[in-house]
Amino acid sequence: MAKTFFVTGTDTEVGKTFVSAALLHAAGAQGKRTLGLKPVASGCEQTPDGLRNEDALALLRYATVKLPYAQVNPIALEPAIAPHIAARQAGRTLSAPRLAGLCRGALMTPHDFSLVEGAGGWLTPLNPREYLSDLAAMLDIPVILVVGMRLGCINHALLTAEALRGGRLKLAGWVANQVSEEAMPQLADNLETLSARISAPCLGVVPRAETPDSPNVQASLRLAPLFD
């Protein structure tokens, strides 16, 4: 049975896509059929083939199952702003049930391991009533939390974990991603604090690297808890 996870982050620009791509590559290296979805993305660029988002393209590049772009990123918005505002400017309406339906359609493609990547953080709005967290709840899939290792990450990570518990969603694991070129001061102490307060397993402490398939990135990941 395929394993599917929703990937969220403690904030925007914490490396959700980098970690997702690294996990897809690692699972693919184990012989798994993998696919990644970015159901809604803002900050897309106009191309001869239409709007394209670099995060969605990265997921497509590192997945072994090559879906059409429109299935990977069905809602592509041009301005690099909050998705619900970009959608409103484009005269579109985002809804969790619609996004869930699009994801379910793509996930019918045979595979072993899949990731549905959110946008921004856990409570990124879709419309006046719904958040991207509602999409994870409707899909009823466990969540992987990417923690951008910088000052304030403990508070953001614990608030996200608390929101997941409040929404009765399972946190499958968390990944510490080193987002800055310089190591976070007291990194080990921060990791110890997070490990002591988050009950889900740490799936890796990802070093700063150029690409998700870098050997040091791949060596840092633990996929076993996701397949237990």
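Author: A disulfide is a pair of cysteine sulfur atoms within 2.5 Å. Keep that cut-off in mind as we read this structure, which is a predicted model.

Reader: Happy to. How many disulfides does a search of the whole structure find?

Author: The search finds 0 disulfides. Take cysteine 44: its closest cysteine sulfur, in cysteine 103, is 15 Å away, so the two are too far apart for a bond. Cysteine 153 is in no disulfide either, as the nearest cysteine sulfur, that of cysteine 202, lies at 12 Å.

Reader: And is cysteine 44 buried or exposed?

Author: Here you need one more cut-off: buried means under 20% relative accessible area, and exposed means over 50%. Cysteine 44 has a relative accessible area of 4%, so this residue is buried. Cysteine 153 counts as buried because its relative accessibility is 2%.

Reader: Let's turn to charge. Which residues form a negative surface patch?

Author: Glu13, Glu45, Glu54 and Glu78 form that patch. Glutamate 13 makes a good example: look for this residue in the loop that links strand S1 (3–9) and helix H1 (16–29). Its relative accessible area is 64%, so glutamate 13 is exposed.

Reader: What about a residue in between, such as proline 74? Where is proline 74 found?

Author: Look in the loop between helix H3 (69–72) and strand S6 (75–76). Proline 74 counts as partly exposed because its relative accessibility is 24%. You can also compare sequence with space: proline 74 and leucine 102 are 28 residues apart along the sequence, while their C-alpha atoms are 7.5 Å apart.

Key
Residues are numbered from 1 along each chain as its sequence is written. This is a predicted model: local features need pLDDT of at least 70, side-chain atom pairs count only at pLDDT 80 or more; totals for chains, interfaces and linings use all residues. Side-chain values use heavy atoms; hydrogens and water are left out. Buried means under 20% relative accessible area, exposed over 50%, partly exposed in between (1.4 Å probe, protein chains only). Patches are made of residues with over 30% relative accessible area and no salt bridge: like charges are joined within 9 Å, nonpolar side chains (Val, Leu, Ile, Met, Phe, Trp, Tyr) within 5 Å. Accessible areas come from the Shrake-Rupley method with a 1.4 Å probe; for residues, only the protein chains shown count as cover. A salt bridge is a side-chain nitrogen of Lys or Arg within 4 Å of a carboxyl oxygen of Asp or Glu. Lys and Arg count as positive and Asp and Glu as negative; His and the chain ends are not counted. The place of a charge is taken as NZ of Lys, CZ of Arg, CG of Asp or CD of Glu. Helices (H or I, at least four residues) and strands (E, at least two) are DSSP runs, numbered from the N terminus.
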